[in-house]
Amino acid sequence: MEKIEIRVKNQEQTALLASKIAEKLEGNEIIFLQGQLGAGKTFLARSILKALGYEEEVVSPTFILQCEYRARVPVLHLDLYRLEYGEEIDDLGLEEYLDRYVWLVEWADRFPGQLPPPDLIISFFIEGEKERKIVMEGKSWVRSLKNNDFGD
Ligand SMILES: Nc1ncnc2c1ncn2[C@@H]1O[C@H](COP(=O)(O)OP(=O)(O)OP(=O)(O)O)[C@@H](O)[C@H]1O
Ligand SMILES: [Mg+2]
């Protein structure tokens, strides 16, 4: 498994990273987005959707659990923050999204055993008001992202 660390200085650099990620997506990736409240999980998801050509509003799924988008590849955006029991995931009917969607799952680390194994885990660490450390682990193509100029 490849693992890289990227430091971004502001939202624009996170959006640039998102567009590089979006270029690699084929439509059957399970991606976990991890990190504390306000770390940037939804921001990255929105930026990926934008880069995939989705022009309309992307809501935060915190209160509605799941949203589905028709972009260049179909995207399922999930947020498990408000879910109380992992078993509730079984009632969401997520099987139909397997293999055909990019899954962007916020707070997946709350119930990892209830989800398919991830192809990519993206973890956010707040290092300043706008600075973030972003660790990406999984897909071999993450290595190619390291060479981009995201700041330092
Ligand atoms: N470099 C950065 N990358 C991403 N977001 C940033 C950055 N710098 C500042 N921010 C701000 O941090 C906030 C991140 O909020 P966001 O909703 O994406 O967090 P989240 O991880 O989804 O939190 P939650 O767990 O509540 O869903 C936004 O207001 C965003 O503008
Ligand atoms: Mg969020």
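In the predicted model, strand 3 and strand 4, the latter spanning residues 74–79, pair in the antiparallel sense over 5 bridges. The two strands are joined by a hairpin that runs through 3 residues. Within this pairing, arginine 70 has proline 74 of strand 4 as its bridge partner, and tyrosine 69 stands opposite valine 75 of strand 4.

The hairpin strands belong to an open sheet of 7 strands, in which the pairing is mixed and the order is 1-7-6-2-5-4-3. Because strand 1 (2–8) and strand 3 (66–70) each have a single partner strand, both stand at the edges of the sheet, and one side of each is left without a neighbour there. From one strand to the next, the twist averages 15 degrees.

Two helices that pack on this sheet were examined. Helix 1, formed by residues 11–24, touches strand 1 and strand 7 (132–138), and its direction makes about 150 degrees with that of strand 1. Helix 2, formed by residues 41–51, touches strand 2 (30–34), strand 3, strand 4, strand 5 (102–106) and strand 6 (120–126), and the direction of helix 2 makes about 160 degrees with that of strand 5.

The two helices also pack on each other, at an angle of about 55 degrees and with their axes 8 Å apart. The angle lies outside the ranges taken as roughly parallel (under 35 degrees), roughly perpendicular (65 to 115) and roughly antiparallel (over 145), and helix 1 and helix 2 are therefore oblique to each other. The crossing in which helix 1 passes helix 2 is right-handed. On the side of helix 1, the contact is made by Gln11, Thr14, Ala15, Ala18, Ser19, Ile21 and Ala22, and on the side of helix 2 by Phe43, Leu44, Ser47, Ile48 and Ala51. By class, the residues of this contact comprise 8 nonpolar and 4 polar, with no charged residue.

Several of the residues named in these helices recur in the surroundings of ligand 1, including Thr14 and Phe43. Around ligand 1 there are 18 residues, of which Thr14, Gly40, Lys41, Thr42 and Phe43 come nearest. Helix 1 and helix 2 are the elements that give two or more residues to this shell, and helix 2 gives the most, with 3 residues. The shell around ligand 1 is made up of 5 nonpolar, 9 polar and 4 charged residues, whereas the contact of helix 1 with helix 2 has no charged residues.

Notes
Residues are numbered from 1 along each chain as its sequence is written. Chains are lettered from A and ligands numbered from 1 in the order in which they are written. This is a predicted model: local features need pLDDT of at least 70, side-chain atom pairs count only at pLDDT 80 or more; totals for chains, interfaces and linings use all residues. Two strands pair if DSSP finds at least two bridges between them. Helices (H or I, at least four residues) and strands (E, at least two) are DSSP runs, numbered from the N terminus. Axes are lines fitted to C-alpha atoms, for helices over the stretch in contact, and angles run from 0 to 180 degrees between N-to-C directions. Two residues are in contact if their C-beta atoms, placed from the backbone, lie within 7 Å. A crossing is left-handed if the near helix is turned anticlockwise from the far one by less than a right angle, and right-handed if clockwise. Ala, Val, Leu, Ile, Met, Phe, Trp, Tyr, Cys and Pro count as nonpolar, Asp, Glu, Lys and Arg as charged, and the others, Gly among them, as polar. A residue is near a molecule or strand if its C-beta atom, placed from the backbone, lies within 6 Å of it.
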